[in-house]
Amino acid sequence: MTETVLILGGTREAAQIAAEFVRDHPDWRVITSLAGRTKEPKPVVGEVRSGGFGGTEGLADYLRAECVTRLVDATHPFARQISRNAKQAARIAGVRLETRMRPPWKNQAGDQWIEVASLEEACDAIPPHARVLLALGSQHIALFASRKDVHFCVRMVDPPEIPLPLPDHELIIGLPGRTVDEEAALLTDNAISHIVCRNSGGDGAYAKIEAARRLAVPVIMIGR
Ligand code: NAP
């Protein structure tokens with residue numbers, strides 16, 4: 001049976017799913033939806049649409065208008081709103097929903113994780129005068145502005161549109177390093193004493209966790 005699939009994407013895994021569907025089912029219509037936050041997103045196989053739907057109702061309308069038969073939520077584990085919307089919209093439109101969520105990383109021997117439950121707790125857990133690699137989305141940076149004693153290295157895919165509110169920081173523009181050696185060099189060159197990140201899971205951002213293990217750098221890990 002031919003299908004029209006809408007993949008809620010923005011992750012490497014979503015792009016892989018789209019490529020598999022297109023390869024294995026050439027008769028399917030495969031649409032990947034991106035939020036439109038990244039200026040130059042990596043190419044995705046199949047159709048791509050970009051930008052919000054306008055909440056649950058907007059997504060339900062889209063599902064009906066495009067005669068979507070299958071909705072796949074392959075968004076980032078911390079993208080919670082769109083996942084909530086997907087559940088409700090699938091119900092409203094009577095479309096089958098499949099959730100493909102990465103499992104979280106597991107604390108391994110040699111890891112020095114300080115596990116916290118929120119961004120606020122992460123901010124409080126940073127020791128005085130630390131040098132922190134802040135590996136978070138741009139929308140979460142402002143909360144750390146209260147830590148005037150801390151030097152932050154902020155890694156972002158695109159340069160910020162307005163200056164970051166952090167008093168003492170430097171920007172590293174680009175994707176996470178692919179290898180442990182690359183990430184270890186970044187930690188060493190910047191004399192990083194702590195990493196703050198979220199437990200995203202997946203391979204794409206894991207090299208920094210392995211580099212921290214190798215160099216015995218503590219990771220303030222925000223749980224799901
Ligand atoms: P979010 O808080 O769950 O979503 C906020 C709003 O953005 C949604 O209500 C929806 O707007 C729109 N949206 C989100 N994902 C969308 C998608 N795939 N297609 C169309 N609209 C989408 O999401 P977020 O945390 O801002 O993340 C945005 C996107 O970036 C997601 O696709 C996610 O997979 C990707 N991403 C997020 C992270 C992260 O750390 N959160 C990391 C890597 C990649 P409407 O209500 O108007 O439909």
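## Basis and conventions

Two strands pair if DSSP finds at least two bridges between them. Strands (E, at least two residues) and helices (H or I, at least four) are DSSP runs, numbered from the N terminus. This is a predicted model: local features need pLDDT of at least 70 and side-chain atom pairs count only at pLDDT 80 or more, while totals for chains, interfaces and linings use all residues. Residues are numbered from 1 along each chain as its sequence is written, and side-chain values use heavy atoms, with hydrogens and water left out.

## The five-strand sheet

One open sheet has 5 strands in the order S3-S2-S1-S4-S5, with parallel pairing. Its edge strands are S3 (47–50) and S5 (96–99), each pairing on one side only. Neighbouring strands are turned by 20° against each other on average, direction ignored. Axes here are lines fitted to C-alpha atoms, for helices over the stretch in contact; angles run from 0 to 180 degrees between N-to-C directions.

S2 and S3 pair in the parallel sense over 4 bridges. Leu-34 stands opposite Ser-50 in S3. Helix H1 (residues 12–24) packs on this sheet and touches S1 (4–8), S2 and S4 (70–73). Contact means heavy atoms within 4.5 Å. The direction of H1 makes about 165° with that of S1.

## The six-strand sheet

A second set of strands forms an open sheet of 6, ordered S6-S11-S10-S7-S8-S9, again with parallel pairing. Strands S6 (113–116) and S9 (169–173) are the edges; each pairs on one side only. The twist averages 20° from one strand to the next.

S6 and S11 (residues 219–222) run parallel and are joined by 4 bridges. Val-116 has Ile-222 in S11 as its bridge partner. Helix H6 (residues 207–215) lies across S6, S7 (131–135), S8 (151–156), S10 (194–198) and S11. H6 runs at about 150° to S10.

## The ligand shell

The ligand is surrounded by 22 residues; the closest are Gly-9, Ser-33, Arg-37, Phe-53 and Arg-198. A residue counts as near if one of its heavy atoms lies within 4 Å of the molecule. The shell divides into 6 nonpolar, 12 polar and 4 charged residues. In this split, Ala, Val, Leu, Ile, Met, Phe, Trp, Tyr, Cys and Pro are nonpolar, Asp, Glu, Lys and Arg are charged, and the others, Gly among them, are polar. S2 (29–34) and H3 (80–93) each supply at least two shell residues. H3 gives the most, with 4 residues.

## Ligand contacts and burial

A polar side-chain atom of Ser-33 lies 2.7 Å from a ligand nitrogen atom. Backbone N or O atoms face ligand oxygen atoms at two residues: His-76 at 2.9 Å and Ala-79 at 3.4 Å. Taken alone, the ligand exposes 800 Å², and the protein buries 77% of that. Accessible areas come from the Shrake-Rupley method with a 1.4 Å probe.

Note on methods. Polar contact = N/O pair within 3.5 Å; in protein donor to acceptor, adjacent residues only side chain to side chain.
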